[in-house]
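Student: Hi! Could we go through this structure together?
Tutor: Happy to, let's have it on screen.

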Amino acid sequence: MTRAATSHVLYDTHRVSELVGSIYASATDTRQWRVFAEKLGHALDLRVVDFMLSSRAPDGRLGFIPVSWGSKRGDVRRYHNEFADGDPHMLRSFEIPTGSVFTLAQLAPDADFVESRLFKELYEPLGLRYGFGGMIDNDGVSTSLILCHRGPDQPPPGDEDLQLLGVLMEHLLRARALAVEFGTLNEQLRVSFDLIDRGRVGVIFLNQDGRVMHANERARGITDEDDGLSLEDEKLSAPRHTDTKALNAVIETATAITQGQSVEGPINVRLPRPSGRRPLDISALPIGSKSHWWAVVRASVCLIVNDGEAGLEGAAERLRELYELSPVEADL
């Protein structure tokens, strides 16, 4: 399987690096997979590039989630509805090990393929003829693969095409693992933030510069009141300079501990409120490098903000229920 000597992208280190960079960009932003497919299509003079996530149901039917460049959505839908279950290439793809590259001719006899209904009613009208691809993941039940297609007026895949795809496969495998990891971490982070936002205690995450990275709903409510604690330009402050200085001191102590320094200093501060309401009690907790929060959002300090007034909300009603008090007695 050879090809006439041409300037192949395999020997262009700049273009290969660009393709690799596009792969890793896709690990954290799924929209970039189509961008990579387009770049690969232009680099190898392809008509269509597909990423196919497929699964085999207990009844043998195949399901697909495609990301396609060069083909219309209606054509992809038609393939899924009319041809997928009978496509010998896809049926044989479950036998391909993870990390392998292949040509469609290796999966099914080419002579049989060009006589098939799939070829005559879909491939040929779309101007497609030759194909090759790589298996990104195959666990026996579901597969993730990339498929590249050329037309009848183009050369079939050659050794250099497969070599380039083989080079890219190593990065595609890593990018998929990263995408799964990022997806897992993002889901964990979303759930954690959701739980924190439901809490009755104010929680604020700060980076190593003391800037607010995330504040839960209760904390935002406290800072919005601007009564003892305020937030401006991602920095926390108190009405009085001395109280702001005390707040910064506990933040700096916790930050130093996070950075591995052995320091002694306050990690709790009480902030009076100009309104005369009960003060805010704040504790600064250092976040170690093994913490989920440090790993995901690079938070260095977690502030726990206790509002003395919040603990009294609904207290009268609870006392009435527990001790059968009258409304006046409960309020007292």
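Student: Which residues does S230 touch, not counting residues up to four places away in sequence?
Tutor: With those left out, S230 touches T223, K235, L236 and S237. Keep in mind that this is a predicted model.

Student: Where does S230 sit, and is S230 buried or exposed?
Tutor: S230 belongs to strand β8, residues 230-232. Its relative accessible area is 17%, and under 20% counts as buried, so S230 is buried.

Student: Let me zoom out a bit. How many helices and strands does the protein chain have?
Tutor: The protein chain has 13 helices and 12 strands. It runs to 332 residues, and 40% of them count as buried.

Student: What about the surface, how much does the protein chain expose?
Tutor: About 18300 Å², with carbon and sulfur atoms supplying 52% of that.

Student: And the contacts, what share joins residues at least 24 apart?
Tutor: Among contacts between residues at least 6 apart in sequence, the share is 57%.

Student: Now the sheet with β7 in it. What is the strand order?
Tutor: The order is β7-β6-β12-β11-β10, an open sheet of 5 strands with antiparallel pairing. At the edges are β7 and β10 (268-271), each of which pairs on one side only. From one strand to the next, the twist averages 20 degrees.

Student: Which helix packs on that sheet and touches β7?
Tutor: That's α9, residues 217-225, which also touches β6, β11 (280-286) and β12 (301-307). The direction of α9 makes about 90 degrees with that of β6.

Student: What about α10, which strands does it lie across?
Tutor: Helix α10, residues 241-258, lies across β6, β10, β11 and β12. It runs at about 20 degrees to β11.

Student: Back to β6 and β7. How many bridges do they pair over?
Tutor: They pair over 3 bridges, in the antiparallel sense, with β6 covering residues 202-206 and β7 covering 212-215. One example is F205, whose bridge partner in β7 is H214.

Student: What does G210 do in that hairpin?
Tutor: G210 takes a positive phi near 80 degrees. The hairpin has 5 residues between the two strands.

Student: While we're on strands, where do the side chains point in a regular one?
Tutor: In a regular strand they alternate between the two faces of the sheet.

Student: Switching to charges, how many salt bridges are there?
Tutor: The count comes to 20 salt bridges. One to look at is R218 with D307, where the closest N and O atoms are 2.7 Å apart. That pair links distant parts of the chain, as R218 is in helix α9 and D307 in strand β12, 89 residues apart.

Student: Is D307 buried or exposed?
Tutor: D307 counts as buried because its relative accessibility is 10%.

Student: Which residues share a network with R218 and D307?
Tutor: E225, D227, R273 and R277 are joined with R218 and D307 into one network, through salt bridges that share partners.

Student: What does D110 pair with?
Tutor: The side chain of D110 meets that of R129 in a salt bridge, 2.8 Å from N to O. D110 lies in helix α6 (residues 110-113) and R129 in the loop between α7 (117-123) and β4 (130-138), so the pair ties together parts 19 residues apart in sequence. At 30% relative accessible area D110 is partly exposed, while R129 is buried at 15%.

Student: And what about R92, what is its partner?
Tutor: R92 forms a salt bridge with E95, with the closest N and O atoms 2.9 Å apart. R92 counts as partly exposed at 34% relative accessibility, whereas E95 is exposed, with a relative accessible area of 56%.

Student: Last topic: which residues form the nonpolar patch on the surface?
Tutor: I257, V263 and I267 form it, with about 190 Å² of accessible area together. I257 is in helix α10.

Student: Why does I257 count as partly exposed?
Tutor: Its relative accessibility is 35%, and partly exposed means between the 20% and 50% limits.

Terms used: Residues are numbered from 1 along each chain as its sequence is written. This is a predicted model: local features need pLDDT of at least 70, side-chain atom pairs count only at pLDDT 80 or more; totals for chains, interfaces and linings use all residues. Side-chain values use heavy atoms; hydrogens and water are left out. Two strands pair if DSSP finds at least two bridges between them. Helices (H or I, at least four residues) and strands (E, at least two) are DSSP runs, numbered from the N terminus. Axes are lines fitted to C-alpha atoms, for helices over the stretch in contact, and angles run from 0 to 180 degrees between N-to-C directions. Contact means heavy atoms within 4.5 Å. Patches are made of residues with over 30% relative accessible area and no salt bridge: like charges are joined within 9 Å, nonpolar side chains (Val, Leu, Ile, Met, Phe, Trp, Tyr) within 5 Å. Accessible areas come from the Shrake-Rupley method with a 1.4 Å probe; for residues, only the protein chains shown count as cover. A salt bridge is a side-chain nitrogen of Lys or Arg within 4 Å of a carboxyl oxygen of Asp or Glu. Buried means under 20% relative accessible area, exposed over 50%, partly exposed in between (1.4 Å probe, protein chains only).
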